[in-house]
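Student: Could you take me through one part of this protein slowly, namely the salt bridges? I would also like to hear how far the model can be trusted before we begin.

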Amino acid sequence: MIEVKADQQSTWNVFQNPARMKQWIEGFKRIEMLECSIGQVGSTYRLLFVQNGEENELFQEITEIEAPVVFSYNMHNDFLVGSSTTTMTEENGITTITSVT
């Protein structure tokens, strides 16, 4: 759980902006759209990361999206298969981000 001193919509906008992902995802290099449209259920992406000097890729498919509340996806690469759901709630101008993987 992370608390952000910003409203829910502003927090969501940063979370969904590929140009800002380097600011909050360690080792993030870039994201590539593979199918569908940005931010739609069924959309697939290839994410590239650098970890310990090596480039790794992760494939992601959006399974649920309800801005600015929930973002769920399935993910896989050669070593990992899983899913993740991130939710955002706001109280008094503070947004709480919770992720379950």
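Tutor: Among the elements of this predicted model, strand E5 (residues 70-76) has the highest mean pLDDT, 98, and E2 the lowest, 94. Here pLDDT is the predictor's confidence in each residue, from 0 to 100, while helices (H or I, at least four residues) and strands (E, at least two) are DSSP runs numbered from the N terminus. The protein averages a pLDDT of 94, and 100% of the residues score at least 70. Because the model is predicted, local features need pLDDT of at least 70 and side-chain atom pairs count only at pLDDT 80 or more, whereas totals for chains, interfaces and linings use all residues. Residues are numbered from 1 along each chain as its sequence is written, and side-chain values use heavy atoms, with hydrogens and water left out.

Now to your salt bridges. A salt bridge is a side-chain nitrogen of Lys or Arg within 4 Å of a carboxyl oxygen of Asp or Glu. Searching the whole structure turns up 4 of them. Let us follow a network of salt bridges that links Arg 30, Glu 32, Arg 46 and Glu 57.

Start at Arg 30, which forms a salt bridge with Glu 32; their closest N and O atoms are 3.0 Å apart. How open are these two residues? Glu 32 counts as partly exposed because its relative accessibility is 25%, and Arg 30 counts as partly exposed at 34%. For these words, buried means under 20% relative accessible area, exposed over 50%, and partly exposed in between (1.4 Å probe, protein chains only).

Next, Glu 32 also meets Arg 46 in a salt bridge, at 3.0 Å from N to O. This pair links distant parts of the chain: Glu 32 sits in strand E2 (residues 28-35) and Arg 46 in strand E3 (residues 44-51), 14 residues apart.

From Arg 46, the path goes on to Glu 57 through another salt bridge, with the closest N and O atoms 2.6 Å apart. Glu 57 lies in strand E4 (residues 54-66) and Arg 46 in strand E3, so this pair ties together parts that are 11 residues apart in sequence. With a relative accessibility of 31%, Glu 57 counts as partly exposed.

So when you look at the structure, trace the network through Arg 30, Glu 32, Arg 46 and Glu 57, because each link in it has to meet the 4 Å limit between a side-chain nitrogen and a carboxyl oxygen.
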